[in-house]
Amino acid sequence: MEMDGLLKTRQKNTGNKLIPIGLFILILIIWQYIVAKGKVERYILPAPSDIIKVFKTESAILFEHSLVTMNETIIGLLIGIMLGFILAILMDRFNFVRSAFYPFIVLSQTIPTVSIAPILVIWFGYEMLPKVILIVLTTFYPIAMGVYDALQQIDSDYMVLLDSMKASSFDKYKYAKIPMIGPNFFSSLKISTSYAVIAAVVSEWLGGFKGLGVYMTRVRKAYALDKMFAVILITSLLSMVLVGIVTIIERSILKWNYVDKEE
């Protein structure tokens, strides 16, 4: 009986995964048909086949620009993760840190990214630094708020127990607080990861020498929408790959969190 139930569950999960894939393929077929029949002009909406051709003819150039964007993304994301995590720990540990930094953390997210990017370019030039700063500003917030909220929601009884055992503040974080915030941390990390590539491309729009955003700006001026769609697709794929890597790491670290779901 248990095997039958497990088999049905797996079949259901497989069916749920195939539905969006089938819908996506159907959309591509309709899209290709509409453009091929001249219902929409190619200079307005390129066909999927046109976008595929771009990957064949521009593969080397796209790969080179993608490496630059990924390099900026990973550096900015790692710094954003560390900054957000450290801020969350400090705000949880010291009330004066929370009072001093919490309003500014929230305020930092009320300023549009596009309005910050030109200022960073003026201050720091067209190299990697302004791009990394913008990515950090975009990615640290979900980490900081997600981890801080998770720390605040930990049952106080655990802390009382540790106090009775004369545990130090370091021990409380090592043995209780940090292990307990794992699911919240990875949920926040997935959000930051999905934002990181987008932030990198946006930062490259306003200046630079290489990167997907720079490439997109150049082809936009030439009204090469097929190449712009190719960049959009690459950006989405890069974000999905990074989120997938985070998910794999999460499953390897938080195995206990997936045991019941898989069963």
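**Exercise 1.** Determine which residues UniProt lists for "domain: ABC transmembrane type-1", and describe the secondary structure of that span.

*Solution.* The unreviewed UniProt entry assigns this domain to residues 62–250, in the numbering used here, with a shortened feature name and with the caveat that annotations may be inferred rather than shown by experiment. In this predicted model, local features need pLDDT of at least 70 and side-chain atom pairs count only at pLDDT 80 or more, whereas totals for chains, interfaces and linings use all residues. Residues are numbered from 1 along each chain as its sequence is written, and side-chain values use heavy atoms, with hydrogens and water left out. Residues 62–250 are 87% helix and 0% strand, and the end C-alpha atoms lie 30 Å apart; helices (H or I, at least four residues) and strands (E, at least two) are DSSP runs, numbered from the N terminus.

**Exercise 2.** Contrast the spans 195–216 and 228–249.

*Solution.* Both spans are among those that the unreviewed UniProt entry annotates as "transmembrane region". Residues 195–216 are 73% helix, with end C-alpha atoms 18 Å apart, whereas residues 228–249 are 100% helix, with end C-alpha atoms 32 Å apart.

**Exercise 3.** Identify the helix that gives the most to the largest nonpolar core, then trace the contacts of Phe-185.

*Solution.* The core (buried Ala, Val, Leu, Ile, Met, Phe, Trp, Tyr and Cys residues joined through side-chain atoms within 4.5 Å, buried being under 20% relative accessible area with a 1.4 Å probe, protein chains only) has 31 residues, and Phe-185 is one of those touching the most other members. Helix H6 (128–152) is among its suppliers, and H6 gives the most, with nine residues. Phe-185 touches Ile-81, Phe-85, Ile-143 and Val-147, not counting residues up to four places away in sequence, where contact means heavy atoms within 4.5 Å.

Note on methods
Buried < 20%, exposed > 50% of the residue type's maximum accessible area, 1.4 Å probe, protein only.
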